[in-house]
Each structure stands twice: as structure tokens, then as C-alpha cells.
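This report describes nonpolar packing and one helix pair. The sequence and structure come first.

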Amino acid sequence: MANPNLTDMTEEDAADLQFPKDCSSSRTEKIEHDVELDVSVVKDEIITSDPTCHICKTALTEPYIRCAVCNNMELCPPCFSNGSEIGNHRNDHDYIIIKNEFPLINGSGWTAKQELEFLDVLQECGFSNWVDMAKRMQGKLAEECKNHYLQHYIDNQTLPGLPKIEETKASLFSCEPIPYLYKLQDLEEPPRFASNTLNCKLLAGYNPARSDFEVNFDNHAELLISELNYDEFDIIDDNYELGKELQIAIVQAYNNRLKERMRRRKIIRNHGLIAFRRTISWIQRYECTITRTLAERLLIFMQLLSGIEFDYFMEGLHRAGELKNYLRKLYEFRSNGLKHFHSVPMFQKLSKLRQENDKERKQYLNNPEYSWKTILPGYSVNFNNSVSNTMSQRKAAPPLAIKGLPGYEKLNSAEKELCSVTRIVPNNYLDFKQLLIAENKKSGSLRLAQARVLLKIDVNKTRKIYDFLTEKGYINKPSQ
């Protein structure tokens, strides 16, 4: 852009832009005599776009030359210095230097070029992103960019033509604010649990449908003002002033109780102490990393942390669990001889095929028709009865794939086999094991009936766990 103050070209600029010059690419013959130019015709001009050179077709950047005789004729400095000509344009025409290295706003210290660059960066980075804007504006700090924009573009609009923005609801919100953007039927229905149920007790008497508690804190605070009469004291009474002060004190006491009630509600809301559905989703999300048992124990920290802080806390433990599972997989790959990641897909494919073959093999061996005992002499079997018996019996469940489940790395080979056959999650097995061992230490022995009362799971699974622990010496059977 050009300087708004029309000044003459300096002698140095005129010396650099002397012509005519020899131009091999000119469309006219060379001019052998020099033409003196009146420097008074050389002016600066403000422009708002970057055109292209009519000779070499390159994009023009300030400073460049505009012909004062021809319309829309701009030249780059190299073409102008070579005396290039095109069409009706001649190299002895008066010209204008287009440049933008001048202060656009008095006292700002910013040139017009910096102002254009600043506005481009502002549109790209967005308003109030001053740190990123300062990185792209050479020699400018974030605080300088912020103060310059607010001072010259918002608070005091020194440039002419800037739009005046009035702070109305339409200008601030781009439309009239609407209290509810969604209809009631679009919202999720709040839970409505029956009274005296477990879910209702977990909400501590909170009614989500009304967003209120059935029994508030200091629930009888209203009794203070329930019998308070405004006209209880007459003006002519000698105790009028004292009575009014007592009434005011009672109302203030009631207000203090209401403030305390609201303070406790705010704590409950900010710390997420009542978030039943979200708590359930948390436990399901962290079941493979933090484990459900540990996540339930960690919920007590919701009383000490805010909602965001508790999310950071749980997500940090979740990330640690993911890294732990990832390291466990890497350890499994390394233990099977894998040294490169490109071998992992083939290993996983072969492992899946092996598991399927083992499953089919077990089903084949359990079939009495294909048992090797049937070929022995003197052995007879009634296939009809065997088939009817197998059909009447319940189909045995396949072993549980426990690799990668919580607590898997804490088991030995025998315990892994037990958990797989009995279809028990390793982490639950470790809890059962610790519970039975602790009960065994109290009396020195443990009976099967006691174990069934403690574990409260399937009796067959309890017996298998009990027999395994007694066989390994973890618990003792009572002496007969």
C-alpha cells in the first residue's frame, strides 16, 4: 500500500529506477537518448490488492511500479528497470511507486505491511489466539498483538471505514437467545427408581426428575419462620424496635441455613457425588484396565476431587492399565520367539487356528463313538443310549480365554488352567483365594460348607477352587 501523505520520491529511489534502459525482450526498438523525468509526478498510492505484472505475469509485492498514463498497468521492479514495453505502454511514461512500508496508524509503530499481515494472521489463527499470532508476526509479542488490536480496532477505531458494532443481543449472540434449544421430548428421561431399592439408596435420596432431594440438609429450617408474623409488634409499643430486630435476626438465621444447604448442594454437584449412570459407565470402561473392584473402591475419592480432577485421575490409571496390557502382549510375543512386529499378524492368525483345532479335538475325543476303547475285544456300547444320554445332558461350556484379563499375569500355570476350566476371571479368583486363606488362618482349617457361604458362587466352582487350594496347601481341611 502507498503512503497517504503524497511525498516526492527520494533521490536514491529515482537513481535506482532511471530509464530508458536496454531491454532485449522489449516489443519496441531501443531508445538511444535519455529522458529526464520530473520527480514531482512520482507519487505513492494506497491499494488494497496485489495484482500481477503485465510483462512477466508474476504476483506483485510492494514496492512495485504502476504506470500513471496507462490504465491498470503494473510492472515489477526488474521489468521496469529493463525498460520493458507492452501494448500502448512506453518506458518513458510517468509512473507511481506502490509501497506499504509506512505507518498506517499514527503513533502505533506498525507499518501498513504489518497491518495487512496482522489481519491475515488474525483470520487464520482466530481471535484471542495471541500466542500463535505472535509466533507468525516477526518482532511482535503476544501482548503487543492483543493491545494493538483492542486499541485500534475495537476500543478506539482509528482507521476510517471500520464497522461500528453495538453490543446488542443480536450482535453478541448472532440471534435472539432462546432459553431452551431442545424440546423436552428430545432430552433423556431422568431415572425414576422406586423407593427402598438399591439404586435409590445409591442416589442418597436424590430425585433426578425434580432435581432435588427428598430430605434436604437441615430439613426443618423452615420452622424458624413458620410462625413469624409481620405485624406482630405495634409501632406504639415500647418493644417495637426490639421486636423488629428479633424478627430480622430470625430471618437472617434462616437465610444462613439456606446458604449452608445450597453450599452442600454445590459441593455435591461440582464433585459429581451423584452420577449414577456415569459411574456405571466408568466401571464398564475401566473393567479391563483398572478392574471393577478397584474402580468401585476409588469412587470414594470423588468426595475430595472435583469432577474434572477425578476424570484426570481415573484416565491416568486407565492409561497405565492400557500400557500394562500392551507390555503383557509384547512379553507374550517375545516369549514365543517373535522379534519383529510384522510377524505378529501371522502369529495371531496361527494362534486362533490352534485354539479352534484344540476345541474341535476335545469335542472329538469326548464323543463316545470315536473313543479308542470301543475297539477293544469284549467292549460293547449301546450307541442309541449313549446318544440319548448325551442329548439329555447339558452341554459342557468351553474353557474361558483368560489371556489379557485383569490379574492374568499374577497366576501360575496351574491357576491359569483352573481359571480357564472353571470359567473364572483371574482377578475374581485372586479375591476368592485371599478370602479363603484369611478365613483359614482364623481357625486353622476350613470346611467346604464354609467356603460356599463365603464365596456365594456356583457350588461346583466353589468345590473346584476349594479342592485346588487344599491340594496346593493354601488351606487345611478339618481333621475328622
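Angles over 145 degrees between N-to-C directions count as roughly antiparallel. In this predicted model, α14 and α17 pack at an angle of about 170°, and α14 and α17 are therefore roughly antiparallel to each other. The axes of α14 and α17 lie 11 Å apart, and their crossing is right-handed.

On the α14 side, the contact is made by Ala 414, Glu 415, Leu 418, Val 421 and Thr 422. These residues meet Lys 461, Lys 464, Phe 468 and Lys 472 of α17. By type, the residues of the contact between α14 and α17 comprise 4 nonpolar, 1 polar and 4 charged.

In soluble globular proteins, nonpolar side chains tend to be buried together. Here the largest nonpolar core holds 20 residues. Within that core, the residues with the most contacts are Tyr 429, Leu 436, Leu 446, Ile 465, Tyr 466, Leu 469 and Ile 475. Each element in the table gives two or more residues to this core.

| Element | Residue range |
|---|---|
| α14 | 413–422 |
| α15 | 426–443 |
| α16 | 448–455 |
| α17 | 459–472 |

The largest contribution to this core comes from α15, with 5 residues.

What does Leu 436 touch, not counting residues up to four places away in sequence? The partners of Leu 436 are Leu 446, Ala 451, Leu 454, Leu 455, Ile 465, Leu 469 and Ile 475.

Apart from the largest core lies another one, of 16 residues. Among its members are Cys 70, Cys 76, Ile 86 and Ile 96.

Notes. Residues are numbered from 1 along each chain as its sequence is written. This is a predicted model: local features need pLDDT of at least 70, side-chain atom pairs count only at pLDDT 80 or more; totals for chains, interfaces and linings use all residues. Side-chain values use heavy atoms; hydrogens and water are left out. A nonpolar core is a set of buried Ala, Val, Leu, Ile, Met, Phe, Trp, Tyr and Cys residues joined through side-chain atoms within 4.5 Å. Buried means under 20% relative accessible area, exposed over 50%, partly exposed in between (1.4 Å probe, protein chains only). Helices (H or I, at least four residues) and strands (E, at least two) are DSSP runs, numbered from the N terminus. Contact means heavy atoms within 4.5 Å. Axes are lines fitted to C-alpha atoms, for helices over the stretch in contact, and angles run from 0 to 180 degrees between N-to-C directions. Angles under 35 degrees count as roughly parallel, over 145 as roughly antiparallel, 65 to 115 as roughly perpendicular and the rest as oblique. A crossing is left-handed if the near helix is turned anticlockwise from the far one by less than a right angle, and right-handed if clockwise. Ala, Val, Leu, Ile, Met, Phe, Trp, Tyr, Cys and Pro count as nonpolar, Asp, Glu, Lys and Arg as charged, and the others, Gly among them, as polar.
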